[in-house]
Amino acid sequence: MLSLAVLVSGGGTNLQAIMDAIASGYLEHTKIDLVFSNNKNAYALERAKNAGIPTLALSPNDFASREEFEAAMLHALEKVNPDIIVLAGFLVKIPKKMVETFEHKIINIHPSLIPSFCGRGYYGLKVHEAALERGVKLTGATVHFVDEDMDTGPILIQKAVEVKEDDTPKSLQERVMKEAEWIILPEAIKKLEKERA
Ligand code: GRF
């Protein structure tokens with residue numbers, strides 16, 4: 001059985017895609033043991049609670065320092081000790097110590113074809129604004145392993161999505177989620193299931 005901890009900050013549509021893939025039997029040897037968020041109001045937490053999945057929300061503002069928040073987050077994850085940590089719309093930079101503790105066990109979904117439109121400052125709608133600004137005809141999503149930098153770890157899976165003439169950042173984001181993110185994230189986990197479960 002592949003044990004996951006899923007880290008979220010927002011709506012949780014990628015978390016939902018994993019939950020749906022487990023429910024449908026596409027991921028038959030995977031379970032989500034914790035959904036963690038830095039944002040107590042993340043709707044992703046509601047999705048997890050509705051499915052009976054344990055949740056934990058720790059806000060950096062609740063700690064005297066960034067280091068204490070990071071230590072609490074790491075401690076919570078070490079207690080669960082998942083096989084894989086999935087960053088699904090998680091907007092916190094992963095501390096070096098966490099990357100080392102869970103070496104080659106952290107994956108991230110990024111809404112572009114890395115190495116385009118990634119790294120510092122490229123998240124959420126900003127990624128799609130940049131793609132439209134550059135005028136690319138194809139964009140998409142990438143699942144990659146997380147290393148100590150931003151969006152730079154080894155790539156696991158990518159899926160391309162056509163950019164349409166009349167796309168807005170919002171319409172492009174929605175298509176990339178629907179036609180790429182929600183497909184390749186469960187696919188990447190299935191690949192890891194085969195290798196590690
Ligand atoms: C998505 O665009 C994802 O690619 C990015 O964060 C956004 C929010 O995802 N990493 P979600 O709906 O919270 O899963």
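Which helices each supply at least two residues of the shell around the ligand? They are helix H1 (13-23) and helix H6 (169-196), helices being DSSP runs of H or I with at least four residues and strands runs of E with at least two, numbered from the N terminus. The model is a predicted one, in which local features need pLDDT of at least 70 and side-chain atom pairs count only at pLDDT 80 or more, while totals for chains, interfaces and linings use all residues. Residues are numbered from 1 along each chain as its sequence is written, and side-chain values use heavy atoms, with hydrogens and water left out.

The shell around the ligand, meaning residues with a heavy atom within 4 Å of it, consists of Gly10, Gly11, Gly12, Thr13, Asn14, Gly89, Ile109, Pro111, Gln173, Met177 and Glu181. H6 gives the most to this shell, with 3 residues. By class, the shell has 3 nonpolar, 7 polar and 1 charged residues, where Ala, Val, Leu, Ile, Met, Phe, Trp, Tyr, Cys and Pro count as nonpolar, Asp, Glu, Lys and Arg as charged, and the others, Gly among them, as polar.

Polar contacts (pairs of N or O atoms within 3.5 Å) link the ligand to the backbone. An oxygen atom of the ligand lies 2.8 Å from a backbone N or O atom of Gly12, and a polar backbone atom of Asn14 is likewise 2.8 Å from a ligand oxygen, while for Gly11 the distance from a polar backbone atom to an oxygen of the ligand is 3.4 Å. Of the 360 Å² of accessible area that the ligand has on its own, the protein covers 88%, as computed by the Shrake-Rupley method with a 1.4 Å probe.

The ligand sits in the largest pocket, in the sense that more than half of its atoms lie within 2 Å of the pocket's grid points. A pocket here is an open set of points on a 1 Å grid over the protein atoms alone, where a 1.4 Å probe fits, with protein on both sides within 12 Å along at least five of seven lines, and lining residues have an atom within 4 Å of a point. About 750 Å³ of space lies in this pocket, and of its 35 lining residues the closest to the centre are Gly89, Phe90, Leu91, Ile109 and Tyr123.

Elsewhere, a cis peptide bond joins Ile114 and Pro115, with omega about 15°.

Note on methods
Polar contact = N/O pair within 3.5 Å; in protein donor to acceptor, adjacent residues only side chain to side chain. Points joined across faces, edges and corners; volume = space filled by probe spheres on them.
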